[in-house]
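Trainee: Hi, could you walk me through this one? I'd like to begin with a single residue and then work outwards.

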Amino acid sequence: MKQRKKVLLSWTALVAVSLLSSHPSLANDELSKASKDSKQWVMQAGDYANQRYSSLKQITTANVKELRPVWTFSTGVLRGHEGGPLVVGDVMYVHTPFPNVVYALDLNNAGRILWKYEPKQDPTVIPVMCCDTVNRGVAYGDGKIILNQADANVVALDAKTGKELWKVANGDPKKGETMTGAPVIVKDKVLVGISGGEFGVQGRMTAYNLKDGSVAWKAYSVGPDDQILVDPQKTTSLGKPIGANSSLSTWQGDQWKTGGGATWGWTSYDPQLNLIYYGSGNPSTWNPKQRPGDNKWSMTIFARDADTGMAKWVYQMTPHDEWDYDGVNEMILADIKVKGTPVKALVHFDRNGFAYTMNRETGELLVAEKYDPAVNWATHVDMKTGRPEVVAQYSTDKNGEDHNTKGVCPAALGSKDQQPASYSPDTGLFYVPTNHVCMDYEPFKVSYTAGQPYVGATLSMFPPKGENHLGNFIAWDASTGKIVWSDKETFSVWSGALTTAGGVAFYGTLEGYLKAVDMKTGKELYKFKTPSGIIGNVTTYEHGGKQYIAVLSGVGGWAGIGMAAGLGGDTDGLGAVGAYKQLANYTQLGGVLTVFALP
């Protein structure tokens, strides 16, 4: 009888999920409502604001030391497990790197598999995935689970059964176009980006209609005004109209057609302003000498109308990128005070080592400060022009082709890569997983061939001079641009952070530890070694009156590419392999979901 009751409960949860598919607007209302329900975790970032905060407080600074793993689940896949599980009602949805398996697990029955979806993909997509075969997770809405496959297909699955409902091709792997980012559902649309900046793609954001997968709008990062969806007079940058041909005028000839600006990071949404926010990646190639100009709008924050895709404002953080400082990291939306004035803020921790606080309504730049003390490629950001003041010694463009520019900080993987930070409204602070890594960078001439690497630089990476640790977990004050406290880590913190109303911040380490720290002081309160290195994002939910913490372990990603892909040369893996060689002494491959709770 007890077992039958569990099955009925699971079925009830699935029926509830399917009811949301009756109408897209209803589904969106339900999704917005569900994102505010701390018992669930219905979006990869926790909510539209990308705050990764939970109001659950059963687990506190006083009792977190008693946390224990209560069940685990093997994904059956090796390589890097980024992103995290979704929790919708009594069902958890778990994803994997290539081949991008999706599981629906029954929370009423210790993770029993309700259904499994495994797409059939051509393995030739693997060599054109830049930095491991990662995937940052699925999205939920309208009774559907949306998956971005490595081969650039977007798939909608029935959340109740796992049945494929529609499938569309968002790119062509033969041109180097792949997908690693998590989709986001806004109203009746699915927003998806594209990967492939190292293969000369023309980056873009595409909105598909959730009902049937038809295209609603498509906005490129670089190119003509009608392709990048800007109005020369109405779209602004730092409060001024961008003018006609704002992108084309910053490229030489037709270079924009293979200009990069990929959009593989995170997307946030402000329902009141009806604006979505995301960043674009590096210009192609990595050799700056071959593409004179600012290369707009690569390395840019976009604020776009969710319905039409038209850009309201843009801001380029690293004009004429010379270091591969992709601008794709998450935009965290928070209402905070800046210099005593309440602001609808957007906070962004860029790869280039600067943390930006902006007015998300207008695009006004309010704060831009270094969030890692090693950053040396620029002295500061000019608050009037928004441009960084580049130090000539570390300019790979000024030093030229076939010259090895040494000691640039941060390295190409940035002071933070895609691993998302968290904001706590309780403390008003941001909790940031960071990299503490520098590099040598030597550009060389390269020609474009579709589907072949279009990099044109040799890199090696290492800790800052005189130091031996590669990461920090920090608390950041975005109103002043200052580090409040910083915890050293042996390796980069490649896991997404989580903050809770219990006063605890959680993150994972590349060695495989789930860690819990006091949000006010950074004091370590708990750690547990999971089966593999953690590059997944920590999530929390409540089930049966109990708070749980869940995280995917499975070492890989750019930092762990040496282990994941079996690479051994110091300059392999776009320069990362040499810096992280010692990682193999601490952990091994293997995807496992670990779920924790108090006794």
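**Starting from I549**

Mentor: Happy to. Leaving aside residues up to four places away in sequence, I549 touches I59, L67, L498, F506, L514, V538, T539, T540, T594, V595 and F596; contact here means heavy atoms within 4.5 Å. Before we go on, this is a predicted model, where local features need pLDDT of at least 70, side-chain atom pairs count only at pLDDT 80 or more, and totals for chains, interfaces and linings use all residues. Residues are numbered from 1 along each chain as its sequence is written, and side-chain values use heavy atoms, with hydrogens and water left out.

Trainee: Thanks! Where does I549 sit?

Mentor: I549 is in strand β39, residues 546-553. Helices (H or I, at least four residues) and strands (E, at least two) are DSSP runs, numbered from the N terminus.

Trainee: And is I549 buried or exposed?

Mentor: I549 is buried, because its relative accessible area is 0%. The cut-offs are under 20% for buried, over 50% for exposed and partly exposed in between, using a 1.4 Å probe and protein chains only. The C-alpha atom of I549 is also 6.4 Å from that of A597, 48 residues away along the chain.

Trainee: OK, zooming out: how many helices and strands does the protein chain have?

Mentor: The protein chain has five helices and 40 strands.

Trainee: What radius of gyration does the protein chain have?

Mentor: The value is 22 Å, which agrees with the figure near 25 Å for a compact globule of 599 residues. That radius is taken over C-alpha atoms, and the globule rule is 2.2 Å times the number of residues to the power 0.38. Along the principal axes, the C-alpha atoms fill a box of roughly 75 × 55 × 50 Å.

Trainee: How much of the protein chain counts as buried?

Mentor: Of its 599 residues, 66% do. Among contacts with a separation of 6 or more, 61% are between residues 24 or more positions apart.

Trainee: Switching topic, which residues are joined by cis peptide bonds?

Mentor: One such bond joins S284 and T285, with omega about 5 degrees. Another joins C409 and P410, with omega about 0 degrees. T285 is in the loop between β18 (275-279) and β19 (300-305), while P410 is in the loop between β27 (405-408) and β28 (422-424).

Trainee: What about N295, what is its phi?

Mentor: N295 is not a glycine, yet its phi is positive, at about 55 degrees. N295 lies in the loop between β18 and β19, and it counts as buried because its relative accessibility is 0%.

Trainee: And L574, where is it?

Mentor: L574 is in the loop between α5 and β40 (592-597). L574 has a positive phi of about 55 degrees without being a glycine, and its relative accessible area of 21% makes it partly exposed.

Trainee: You mentioned α5. Where does A565 come in?

Mentor: A565 is in helix α5, residues 561-565. Its C-alpha atom is 7.2 Å from that of D132, though the two are 433 residues apart along the chain.

Trainee: Last one: which side chain does D142 pair with?

Mentor: The side chains of D142 and K144 are joined by a polar contact of 2.7 Å. A polar contact is a pair of N or O atoms within 3.5 Å; within protein, one must be able to donate a hydrogen and the other to accept it, and residues adjacent in sequence count only if both atoms are side-chain atoms. D142 is in the loop between β7 (139-141) and β8 (144-148), and counts as buried at 3% relative accessibility.
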